[in-house]
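User: Hey, I'm new to this one and could use a quick tour. Can I throw some questions at you?

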Amino acid sequence: MVKKLFKHEFAAMGRLMLPVLCAVLGVGILTRIILFFESDTIGFNIIGGSSFLMLFVVMFAGLFLAMVFGVIRYYKNLFSTEGYLSFTLPVTPAQHLMVKSVTAVTFYIAAALAALVSLVIALSGDPLVEGVKAASYIWAHLPEEINKVHLVFFAIEFAMSMFVAVFSSFFLYYTCITIGQMAKKNRIMMAVGVYFIYYLIVQVFSTVMSVLFSVFALTPLMERVAEFIADNIYLCGHTFFIGMLLVYILIVGVEFLVCHTIIRKKLNLE
Amino acid sequence: MKRTAKILAAIGLIIILCVSMTGCMKIDKMRERHGYIDEKGNIVVNGETFIALPYCEYLAPEFEGYYGSVFQSSDYIVNITDKDVPVLLSGFTGEKCHISKDEMYLVREVFDEYHGYYGEQYYCHEDIYDKIYSAIEAGYSPDGYKYDYTDWKDEDNNWDKEYILTDAQVNAINEVLSTVATMDELPFEVESYDYKYITEIMSFTEGMPFERYEVDIYKYESGYYIYDSQWNEDNTEWLYDDIYRVPKSLEKTFDEITAKTKEAYDIEIQEFESYL
Amino acid sequence: MSELLRCEKLTKCYGTKTALDEIDLCLESGKIIGLLGPNGSGKTTLIKLINGLLTPTSGSITVCSEKPGPKSRVNVAYLPDNSYLNNWMTVKKIVDYFKDFYEDFREDLAYEMFERLGITPETRLKSLSKGNKEKVCLILVMSRNAKLYVLDEPIAGVDPAARDYVISTIINNYNPDATVLISTHLISDIEQVLDEVVFINNGHIVLQKTVDQIREENGKSVDDLFREVFRW
């Protein structure tokens with residue numbers, strides 16, 4: 001059943017996202033073609049600069065639209081009249097949540113990859129070759145004190161955290177929508193309200209933590225902590241990145257549970 | 001499925017086409033201004049080799065945008081790095097030097113251990129190295145005198161214009177230096193440096209990057225004076241000027257010599273007075 | 001005959017409002033049952049509970065001996081009172097969708113019924129009129145070989161000719177061993193096809209009898225009895 005759900009979910013998201021991905025790649029190709037006619041004139045500088053600006057705008061627009069479409073799809077397919085079809089399929093709420101989130105994240109990553117490929121296309125040829133040479137040179141000439149193995153692991157841990165962070169972003173919006181649908185009227189406004197309350201709580205929490213940290217920084221203990229970090233930079237780095245990953249996993253878990261519980265017990269279709 | 005495959009194939013073809021479009025003007029420009037020092041100590045810039053010239057006090061190739069520092073004009077700055085440094089990183093590592101407009105000469109600031117300061121080391125293209133080296137070895141033999149002046153009437157390009165003195169004008173200066181005695185007692189206006197304008201006379205060799213400062217011609221209210229600077233043995237310290245009074249008989253010639261400087265001076269005075 | 005639906009002291013509250021109050025109900029297979037009651041009587045609440053779209057406040061409900069959930073939905077074909085279609089889909093895509101999720105879906109039957117309405121597989125759902133969209137929803141539901149068909153207000157808001165179409169589609173295509181539960185307040189149109197009726201009011205089951213029993217005992221049609229029972 002999950003496979004079938006994935007199939008239809010990918011088809012539904014694909015019809016929205018494929019034109020966006022094609023547009024992102026298309027602008028990259030267009031930029032490269034424009035650069036082919038490069039000349040040292042003011043006219044070309046304006047056109048070339050504009051095409052690169054357009055490329056960066058389209059790249060970020062692709063990511064933004066992937067997020068927007070993923071969230072809209074969740075709302076429309078589960079909490080509008082389409083919900084009468086979705087929730088009467090022989091599928092559990094957990095499967096719905098899993099399929100929706102995985103599909104949305106997949107297309108978000110696809111949008112990111114399309115942006116990267118588009119940039120590579122736009123810079124293809126000399127710029128790309130020289131860019132790769134420069135990156136390889138920097139990597140090869142890192143100071144000896146820097147342990148490259150740890151750097152690679154940092155990058156992997158960071159990438160994993162970001163991957164889960166994307167899930168967390170989607171699930172945040174899912175949670176707001178799921179809580180919002182419990183209202184009798186103005187469900188979208190309610191979802192927006194939930195989001196602002198969450199944001200407010202996060203801001204207050206961050207401010208309190210910043211103040212506490214500032215106070216802590218003035219104590220003698222801070223010096224010892226700083227010394228410890230300096231002496232064990234790799235251990236602290238791994239702890240930080242893995243900690244970040246675990247925090248994101250925890251957040252996703254909590255958000256998933258909230259959505260799942262509300263859908264199972266408090267579903268309120270229009 | 002077929003349609004999707006066709007679209008993907010078309011995209012792939014376009015990508016390959018784009019990738020085959022090599023070249024980027026900005027990177028090409030960076031390559032033209034990226035060099036390294038080879039095992040012989042020569043500087044290789046974009047495949048062209050520049051060899052260091054021996055020290056020569058009158059060696060003065062022209063560099064556009066260079067006024068004793070290599071950071072004046074980026075069009076003529078060359079980045080010298082290790083050989084394996086990629087062109088994109090050439091601006092962040094190594095040292096900078098200046099290349100002449102005709103790309104025949106390089107100037108690099110090097111630390112002069114003997115004198116204890118940074119001095120200029122000139123390099124020339126290997127194609128003209130033998131010619132320049134032989135000329136330096138043969139010694140300086142200037143062809144004539146010239147001076148640089150500012151032509152305020154030319155709005156587009158008023159700096160560093162050259163006036164080459166005629167033979168008669170050169171002879172007039174040499175005559176003053178050889179026949180007139182240096183002044184022991186100076187008039188008040190000369191003591192107080194109350195001059196109108198100065199013309200710095202350089203000697204030069206036609207077709208060669210050789211020139212040397214010779215004398216300054218000062219115009220005072222009472223007439224013309226030639227200042228001949230005297231330096232210490234190492235040419236590192238100015239000691240005093242030998243001052244010669246130009247005879248009245250040669251004043252007309254000196255009016256012709258300094259006409260360009262006077263023109264610039266008159267325009268500056270006019271502008272200054274118009275502000276008052 | 002087997003028991004398809006059993007409710008025991010089933011209660012559903014929305015805050016302080018009680019939509020269903022300890023109802024006991026048992027529906028057997030092989031019947032067309034009318035769930036009749038005025039607006040706000042609890043019909044839609046009961047239907048949503050049967051389909052697992054709501055959870056009971058107390059009591060129990062089983063459908064084909066399963067609690068409402070993925071397992072019970074395999075046996076239940078549900079037609080809600082509003083269109084649930086993805087408007088961007090074509091008829092073929094929605095048929096494939098149903099075929100993928102319901103093993104009992106009869107594709108040939110569905111296309112046959114679409115053809116009679118002049119709807120081709122390539123037709124986009126958003127290009128259909130409101131009436132045709134409702135017919136498409138009905139065809140999709142009735143093309144399933146389910147054990148329990150739950151139809152929520154299938155003839156409300158449609159013209160008389162369309163009502164006849166809906167009723168004939170129900171009669172001609174449902175599984176005779178299955179049960180069809182039709183929720184409506186338009187009794188006179190549906191009465192002739194009903195085997196049994198359940199009257200519901202203010203969250204209580206007021207009456208559950210066969211149509212023949214009502215006619216014999218009360219000497220009235222179901223419509224007349226409904227008007228009498230639910231008189232203001």
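User: Let's start small. Which helix of chain C is Ser72(C) found in?

Analyst: Ser72(C) sits in helix H2 of chain C, which covers residues 70-73. Keep in mind as we go that this is a predicted model.

User: Okay. Is Ser72(C) buried or exposed?

Analyst: Ser72(C) counts as buried, with a relative accessibility of 0%.

User: What does the side chain of Ser72(C) have a polar atom 2.9 Å from?

Analyst: That would be the backbone nitrogen of Gly69(C).

User: And which residues is Ser72(C) in contact with, leaving aside its neighbours within four places in sequence?

Analyst: Those are Val63(C), Glu66(C) and Lys67(C).

User: Staying with chain C, what about cysteines? How many disulfides does a search of the whole structure find?

Analyst: Zero, over all chains. Take Cys64(C): the nearest cysteine sulfur belongs to Cys26(C) and is 12 Å away, so Cys64(C) is in no disulfide, given that the two sulfurs of a disulfide must lie within 2.5 Å.

User: Is Cys64(C) buried or exposed?

Analyst: Buried. Its relative accessible area is 14%, and the cut-off for buried is under 20%.

User: Let's zoom out. Which chains share the most contacts?

Analyst: Chains A and C do, out of the two pairs of chains in contact. On that interface, 23 residues of chain A are in contact with 23 residues of chain C.

User: How much area do chain A and chain C bury between them?

Analyst: About 2300 Å², and 61% of it is on carbon and sulfur atoms. On the chain A side, the residues that lose the most area to chain C are Tyr84(A), Leu85(A) and Thr88(A), which together make up 28% of what that side buries.

User: What about charged pairs there? How many salt bridges are counted between chain A and chain C?

Analyst: The count is one. It joins the side chains of Lys7(A) and Asp100(C), at 2.7 Å from N to O. There are also 10 residue pairs in polar contact across the interface of chain A and chain C, with both residues at pLDDT 80 or more.

User: Which elements give two or more residues to the side of chain A that touches chain C?

Analyst: Three helices of chain A: H1 (2-36), H3 (83-86) and H9 (233-266). H1(A) gives the most, with six residues. Split by class, that side of chain A has 11 nonpolar, five polar and seven charged residues.

User: Now chain B. How many residues do chain B and chain A each bring to their contact?

Analyst: Chain B brings 20 residues and chain A brings 19. The area buried between chain B and chain A is about 1800 Å², with carbon and sulfur atoms giving 69% of it.

User: Any number for salt bridges there? How many are counted between chain B and chain A?

Analyst: Three. A salt bridge links the side chains of Arg31(B) and Glu130(A), at 2.8 Å from N to O. As for polar contacts, the count between chain B and chain A is four residue pairs, both residues at pLDDT 80 or more.

User: And which helices of chain B do the touching?

Analyst: Helix H1 (2-20) and helix H2 (25-32) of chain B each give two or more residues to the side that touches chain A. H2(B) gives the most, with six residues. By class, that side of chain B has 13 nonpolar, two polar and five charged residues.

User: Last one: how far apart are the nearest C-alpha atoms of chain B and chain C?

Analyst: They are 16 Å apart, and chain B and chain C do not touch.

Notes
Residues numbered from 1 in each chain as written. Chains lettered and ligands numbered in written order. Predicted model: local features only at pLDDT ≥ 70, side-chain atom pairs only at ≥ 80, totals over all residues. Heavy atoms only, no water. Contact = heavy atoms within 4.5 Å. Buried area = accessible area lost by both parts, 1.4 Å probe. Salt bridge = Lys/Arg side-chain N within 4 Å of Asp/Glu carboxyl O. Polar contact = N/O pair within 3.5 Å; in protein donor to acceptor, adjacent residues only side chain to side chain. Helix = DSSP H or I, 4+ residues; strand = E, 2+ residues; numbered from the N terminus. Nonpolar A, V, L, I, M, F, W, Y, C, P; charged D, E, K, R; others polar. Buried < 20%, exposed > 50% of the residue type's maximum accessible area, 1.4 Å probe, protein only.
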